[in-house]
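Biologist: Could you take me closely through the charged side-chain pairs in this model and the surroundings in which they sit? I would like one connected account.

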Amino acid sequence: MALDPASLDRLCELARLTLAPAERERLGDELERVLELFAALKAAPADGLAPLSHPHDVTLRLREDRVSDGDSADALLALAPEAQGGYFLVPKVLE
């Protein structure tokens, strides 16, 4: 599928791109290859196929849902410069 210069200009405008002539030619060629790929995908027979979220039937192994590290609030509060009532105390920054 050929990409005409006007379409390439419009795409560059929408993407806010300013390209040198060599870049324009390279980008045009790459976009033509992408459009050819989409045309091939569109031509592929897909009637009657169910959509897939993943190509393989894989079931993930689940682990037991349990607490592994416990309550460490007191240990973390001990690291704070100041703490009161289970909360960190910070200097007042607003009047």
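Modeller: A residue is called buried under 20% relative accessible area, exposed over 50% and partly exposed in between (1.4 Å probe, protein chains only). The model is a predicted one, so local features need pLDDT of at least 70 and side-chain atom pairs pLDDT 80 or more, while totals for chains, interfaces and linings use all residues. Residues are numbered from 1 along each chain as its sequence is written, and side-chain values rest on heavy atoms, without hydrogens or water.

The setting comes before the pairs. The chain contains three helices and two strands, the terms standing for DSSP runs numbered from the N terminus (helices are H or I of at least four residues, strands E of at least two). Read from the N terminus, the elements follow one another as α-α-α-β-β. The C-alpha trace spans about 70 × 50 × 20 Å along its principal axes, and of the 95 residues in the chain 6% count as buried.

Within this chain, the salt bridges (a side-chain nitrogen of Lys or Arg within 4 Å of a carboxyl oxygen of Asp or Glu) number four. One of them joins Arg24 to Asp9, with 2.6 Å between the closest N and O atoms. Because Arg24 belongs to helix H2 and Asp9 to helix H1, this pair ties together parts of the chain that lie 15 residues apart in sequence. Neither partner is buried: Arg24 is partly exposed at 24% relative accessibility, and Asp9, at 39%, is likewise partly exposed.

Another of the salt bridges is found between the side chains of Arg10 and Glu13, where the distance from N to O is 3.2 Å. Here both partners sit in helix H1, three residues apart, which means that about one helical turn separates Arg10 from Glu13. Arg10 has a relative accessibility of 43% and therefore counts as partly exposed.

A comparable arrangement can be followed in helix H2, where Glu30 and Arg26 are four residues apart and so are separated by about one helical turn. Their side chains meet in a salt bridge with an N to O distance of 3.2 Å, and Glu30 is partly exposed, with a relative accessibility of 32%.

The surroundings of these pairs can be seen from Cys12, a residue of helix H1, the helix that covers residues 5-14. With a relative accessibility of 6%, Cys12 counts as buried. If neighbours within four places in sequence are left aside, the contacts of Cys12 (heavy atoms within 4.5 Å) are with Leu17, Leu19, Arg24 and Leu27. Arg24 thus takes part both in the contacts of Cys12 and in the salt bridge with Asp9.

Two further residues give a view away from this site. Phe38 has its place in helix H2, which runs over residues 21-43, and since its relative accessible area is 51%, Phe38 is exposed, whereas Cys12 is buried. Glu64, for its part, is 52 residues from Cys12 along the chain, and the C-alpha atoms of the two are separated by 52 Å.
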